[in-house]
Amino acid sequence: MITVAGFNTAIDHLFLLDALVPGTVQRASRAELYPGGKGLHVAQTIAALGERVQLVGLTDAAHRNLITRRMAERGVLFHGVEIDQPLRTCIAVREREGRFTELLSPGPNVPAATREQLLRTWSRCAEESELLVMSGSLPRGFDADTYALMVRQATAAGMRCLVDASGEALRQAADSHAWLLKPNRDEASDLAGCPVRTLSDAADVVRALHAQGIAQPVVTLGAEGAVGFDGRTAWHASVTLAHSTNTVGSGDCLLAGLTVALKRGEPLEAALRLGVACGAANAMDEETGYVRRECVDALLGQVRVRRLDG
């Protein structure tokens, strides 16, 4: 079993327009609504790859049935902790030429009792898990060191943790001895204190994170793929796509692929291959943060994995 802490559940609204014109009233050609949030994206992609997974996150009365039903359909066991406030909303506008605009609401300010219930639920689920994933922003009310404390608790119990966070939560997690840390290019630049422009820059960051105590750090680079370090070798994995429909959520799907491969005992270079294939599969689909197994399988052979010098 894999347990994903995706506390900051969202409701995603996707609007399709010919072209977004600020300051005007426009009618969308189509609108879709999905349960969302980075942790949810990771969990449903893990399930799509055939692994048992459970998700711990917030819900509200208005969306509990929607989220629980969608997760059940996708093969995810959802442990929802209800809050007496609306969940955060993420609005994505996609234009005909492919440009995306996102608007993200701040979300609820979670009271102490609800925070404690989320952490208790996570701890209970962690006891029956082989791998733990902490993904996405922390809801308002949580301290920035929450993921780091969760990692230390789990590591002391002999469990491996994979973390995808940003800002101060990422900086704290970098000192927590998580098994895997997955910053993107901008987040890696913040950690390093200098821009990550090249593959060599990304390799320097993952080597530094490994020296800091992260067993298998990975930096994602968007269309350029991902760079990881296993303690001996820095690896780069990438794939070229003929077309891209929606890249939002590709990093979440990449993390899911890494998680599944590591759970199956694969080395980091194989994990990067599966992760990049998952990220690319998401980019080829309209829905955010989800892949279809057959698309991932078709892309696996197209992913290039190579050693980086240094």
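In this predicted model, Thr 288 is a buried residue, its relative accessible area being 14%. The residue is found in the loop that runs between helix 9 (268-283) and helix 10 (293-300). Once residues up to four places away in sequence are set aside, Thr 288 touches His 41, Gln 44, Asn 246, Val 248, Gly 249 and Asn 282.

One of these partners, Asn 282, is also in contact with Ser 250, which, leaving aside neighbours within four places in sequence, meets Gly 279 and Ala 283 as well. Ser 250 belongs to helix 8, which covers residues 250-263, and with a relative accessible area of 14% this serine is counted as buried, because the cut-off for a buried residue is a value under 20%.

Another partner of Thr 288, Val 248, can be related to a residue close to the start of the numbering of strands, namely Thr 9, which lies in the loop between strand 1 (2-5) and strand 2 (10-17). Thr 9 and Val 248 are 239 residues apart in sequence, whereas in space their C-alpha atoms are 16 Å apart. Thr 9 has a relative accessible area of 3% and is therefore classed as buried. Its surroundings, not counting residues up to four places away in sequence, consist of contacts with Gly 36, Leu 40, Gly 57, Leu 58, Ile 67, Leu 87 and Arg 88. With regard to Leu 58, a polar atom of the Thr 9 side chain lies 2.7 Å from the backbone oxygen of that leucine.

A further region examined is helix 6, which comprises residues 185-192 and whose buried residues are Glu 187, Ala 188 and Ser 189. The buried residues of this helix pack against strand 9 (160-164), helix 5, helix 7 (199-211) and strand 11 (218-220). At the N-terminal end, helix 6 is capped by Asn 184, a side-chain oxygen of which lies 3.1 Å from the backbone nitrogen of Asp 186. After the helix comes Gly 193, which has a positive phi near 80°. A positive phi, of about 65°, is also given for His 177, although this residue is not a glycine; His 177 is placed in the loop between helix 5 (167-174) and strand 10 (180-181).

With regard to the chain as a whole, the secondary structure comes to 10 helices and 14 strands. The C-alpha trace spans about 55 × 45 × 35 Å along its principal axes. For a chain of 310 residues, a compact globule would be expected to have a radius of gyration near 19 Å, and the value of 18 Å found for the chain agrees with this. Of the 310 residues, 53% count as buried, and among the contacts that join residues at least 6 apart in sequence, 66% are between residues at least 24 apart.

The surface exposed by the chain amounts to about 13,400 Å², of which carbon and sulfur atoms supply 49%. As to charge, the chain carries 32 positive and 36 negative side chains, and a distance of 2 Å lies between the centres of the two sets.

How values were computed. Residues numbered from 1 in each chain as written. Predicted model: local features only at pLDDT ≥ 70, side-chain atom pairs only at ≥ 80, totals over all residues. Heavy atoms only, no water. Helix = DSSP H or I, 4+ residues; strand = E, 2+ residues; numbered from the N terminus. Rg over C-alpha atoms; globule rule 2.2 N^0.38 Å. Buried < 20%, exposed > 50% of the residue type's maximum accessible area, 1.4 Å probe, protein only. Contact = heavy atoms within 4.5 Å. Areas by Shrake-Rupley, 256 points an atom, 1.4 Å probe, with all protein chains shown as cover. Lys, Arg positive; Asp, Glu negative; His and termini not counted. Charge placed at Lys NZ, Arg CZ, Asp CG, Glu CD. Polar contact = N/O pair within 3.5 Å; in protein donor to acceptor, adjacent residues only side chain to side chain.
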